[in-house]
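Me: I am new to this structure and should like a close look at a single part of it. Please choose one surface feature, explain it with care, and place it within the whole.

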Amino acid sequence: FFSLLMGDSEGINKICVFCGSRSGSDPLYSQKAKELGEEMVTREIGLVYGGGTVGLMGEISSTIHGKGGDVTGIIPSALCKREISGENIGEVIIVED
């Protein structure tokens, strides 16, 4: 994926990133999620993701949102209590289960 961003990303407005609601066993996962978020902001590419604020989803969304990037989360209502801790990040669309 990073190779895609290192090339010509002109015309790409948003990217949907599927990632975990946990950080995983290796801190490298969180680091790479943050790096991806930073690169997306640099290239003015918005994020569409699972809507959670925890784990890797929280890492990439908070990185992008914190740097002024566009973030749209889409989450089923049944997962809201488990995957959203505190305030929403960016626009969150809650859909039926």
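Reply: A strand, as the word is used here, is a DSSP run of type E with at least two residues, and strands are numbered from the N terminus. In this predicted model, residues 91-95 form strand S4, and Val 95 belongs to that strand.

The surface feature chosen is a nonpolar patch made up of Val 95 together with Ile 74 and Ile 93. Together, these residues present about 200 Å² of accessible area. Val 95 has a relative accessible area of 34%. Because partly exposed covers values between the 20% limit for buried and the 50% limit for exposed, Val 95 is classed as partly exposed. A patch also requires over 30% relative accessible area, and the 34% of Val 95 is over that cut-off.

A residue in another element offers a contrast. Ser 30 lies in helix H2, which spans residues 27-42. Its relative accessibility is 19%, so Ser 30 counts as buried, the limit being under 20%. Beyond its neighbours within four places in sequence, Ser 30 touches Ser 23, Leu 56 and Glu 59.

The wider setting may now be described. The protein contains four helices and four strands, arranged from the N terminus as α-β-α-β-α-β-α-β. Of its 97 residues, 36% are buried. The accessible surface of the protein is about 5,900 Å², and carbon and sulfur atoms contribute 51% of that surface. Among contacts with a separation of 6 or more, 62% join residues 24 or more positions apart.

Technical notes
Residues are numbered from 1 along each chain as its sequence is written. This is a predicted model: local features need pLDDT of at least 70, side-chain atom pairs count only at pLDDT 80 or more; totals for chains, interfaces and linings use all residues. Side-chain values use heavy atoms; hydrogens and water are left out. Patches are made of residues with over 30% relative accessible area and no salt bridge: like charges are joined within 9 Å, nonpolar side chains (Val, Leu, Ile, Met, Phe, Trp, Tyr) within 5 Å. Accessible areas come from the Shrake-Rupley method with a 1.4 Å probe; for residues, only the protein chains shown count as cover. A salt bridge is a side-chain nitrogen of Lys or Arg within 4 Å of a carboxyl oxygen of Asp or Glu. Buried means under 20% relative accessible area, exposed over 50%, partly exposed in between (1.4 Å probe, protein chains only). Contact means heavy atoms within 4.5 Å.
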